[in-house]
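User: I'd like a close look at one part of this model, the largest pocket. Could you walk me through what lines it, and then through the parts of the chain around it?

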Amino acid sequence: MPGTEENSRLAARQAVLAWCGNWMRDYMKSYYNEDEEIQRAMLLKEAHTGRVQKIIGELAVHLGLSEEDMALAELIGLLHDVGRFRQFTVYRTFKDHLSEDHAAAGVRLMDDHRLLEGLLPWEQSLVRFAVEWHNKKAIGPAPDACHLGFAKMIRDADKLDIYHVLEPFLPSEDGSGVSSNFIEKFVEGVQCDYTMVGTEDDKKLVRLMWAYDINFAWTLRRIQERGYLEKLIHCLPKGEKVQRGVARLRGYVESKLAEKDDAGFQSSHACENMGEK
Ligand SMILES: [Fe+2]
């Protein structure tokens, strides 16, 4: 009776999602602080969490995933930044390289609080993997197509919302130009190391280069429709290398938008017997 088994997994995943939703609400509120800077950061991440959960759910629908897998995707969206609240409160920064890896801290938190207990071990593995790799330069070796697919989804949903969050904060025009190592990477279309940001214009390039790391045309279309890239391009310093980098980026975006999206797996059940248990 496969139908019955699927229904019970759907109910189990939805129950975990609802339970974790309540837990997250309380957890986030427990970090509310009289210090204005901390409070602003807490509210920012609370709102980001809600939007990313919604975006990854929409992306799951676009990719044709089942309701069951949509629940798992939403759970990943809900929990992906659970490590952020303590991070900012303790270190007063969201910069991982100056504090701690908030994704690894998030996975530890999920385990310490047994948030995933209602899921089967292979389902837990999918959530842990996606959360752990959502903030890295690239996704680490994935045990199977489902681990990879969910990790790609959360990275896209997260970046789409980060473009939204950062939009009002366009790096200033300080006339310092772009660092030489950054402009070379931009011309080549290779990711920059954001810990090496030296100038305001470097920050613009880092944001533009995220576009190369977007996995699905669905996400890139939204980024483009909202003008996030063009607004950054508009305020870049002029110069031959900058123009070459912009041309490469625009060409890449155009070709990526023509791609047909594919999660890389039909159903997470296909990966049930693979990967970590
Ligand atoms: Fe994050």
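Analyst: First, the classes used for the lining: Ala, Val, Leu, Ile, Met, Phe, Trp, Tyr, Cys and Pro count as nonpolar, Asp, Glu, Lys and Arg as charged, and the others, Gly among them, as polar. On that scheme, the lining of the largest pocket splits into 15 nonpolar, 8 polar and 19 charged residues. Keep in mind that this is a predicted model.

Now the pocket itself. It holds about 1,700 Å³ of space. Its lining runs to 42 residues, and those closest to the centre are Arg84, Phe94, Lys95, Leu166 and Trp210. Which helix gives the largest share of that lining? That's H7, with 7 residues. H7 isn't on its own, though: helix H2 (36–62), helix H4 (84–91), H7 and helix H9 (200–209) each put in at least two residues. On the domain level, domain 1 (2–163) and domain 2 (172–257) each contribute at least three residues to the lining.

Arg84 deserves a second look. Besides being one of the residues closest to the pocket centre, Arg84 makes a salt bridge with Asp96, with 3.4 Å between the closest N and O atoms. Arg84 sits in helix H4 and Asp96 in the loop between H4 and H5, so the bridge ties together parts that are 12 residues apart in sequence. Are the two partners buried or exposed? With the cut-off for buried at under 20% relative accessible area, Arg84 is buried at 12%, while Asp96 comes out as partly exposed at 22%.

That same loop between H4 and H5 also holds Arg92. The backbone does something to note there: phi of Arg92 is near 55°, a positive value in a residue other than glycine. For context, most residues other than glycine have a negative phi. Arg92 is partly exposed, with a relative accessible area of 38%.

Carry on along the chain and you get to the iron ion. What holds it on the protein side? The donors are Asp81 (OD), His102 (NE2) and His134 (NE2), at 2.0 to 2.3 Å from the ion. Written as a spacing along the chain, the donors read D-x20-H-x31-H. The two histidines bring distant parts of the chain together: His102 is in helix H5 (residues 102–112), and His134 is in the loop between helix H6 (121–132) and helix H7 (145–166), 32 residues away. Both are buried, His102 at 2% relative accessibility and His134 at 3%.

H5 and H6 also have a salt bridge between them. The side chains of Asp111 and Arg128 meet at 2.9 Å, N to O. Asp111 belongs to helix H5 and Arg128 to helix H6, 17 residues apart, so this is another link between distant parts of the chain. Asp111 is partly exposed at 35% relative accessibility, and Arg128 is partly exposed too, at 25%. In the loop between those two helices sits Arg114, which has a positive phi of about 50° although it is not a glycine. Arg114 is exposed, with a relative accessible area of 57%.

Zooming out to charge pairs, the whole structure has 25 salt bridges. Some of them join up: Arg9, Arg13, Glu68, Asp69 and Glu123 are linked in a network. Another pair is Lys256 with Glu259, where the closest N and O atoms are 3.2 Å apart. Lys256 is buried at 10% relative accessibility, whereas Glu259 is partly exposed at 43%.

One last bit of empty space, if you're setting up grids. How many cavities of 30 Å³ or more turn up in the whole structure? The search finds 1, and the largest cavity has about 60 Å³ of space. Tyr163, Glu167, Leu170, Arg207, Tyr228, Lys231 and Leu232 line it, and helix H11 (residues 228–234) gives the most to that lining, with 3 residues. By class, the cavity lining divides into 4 nonpolar, no polar and 3 charged residues.

Methods. Residues are numbered from 1 along each chain as its sequence is written. This is a predicted model: local features need pLDDT of at least 70, side-chain atom pairs count only at pLDDT 80 or more; totals for chains, interfaces and linings use all residues. Side-chain values use heavy atoms; hydrogens and water are left out. Donors are N, O and S atoms within 2.8 Å of the metal (3.2 Å for Na, K and Ca); water is not among the atoms, so sites may look incomplete. Helices (H or I, at least four residues) and strands (E, at least two) are DSSP runs, numbered from the N terminus. Buried means under 20% relative accessible area, exposed over 50%, partly exposed in between (1.4 Å probe, protein chains only). On a 1 Å grid over the protein atoms alone, a cavity is a set of points where a 1.4 Å probe fits but cannot get out, and a pocket is an open set with protein on both sides within 12 Å along at least five of seven lines; lining residues have an atom within 4 Å of a point. Grid points are joined across faces, edges and corners, and a volume is the space filled by probe spheres set on the points. Domain bounds come from an automatic or database domain assignment. A salt bridge is a side-chain nitrogen of Lys or Arg within 4 Å of a carboxyl oxygen of Asp or Glu.
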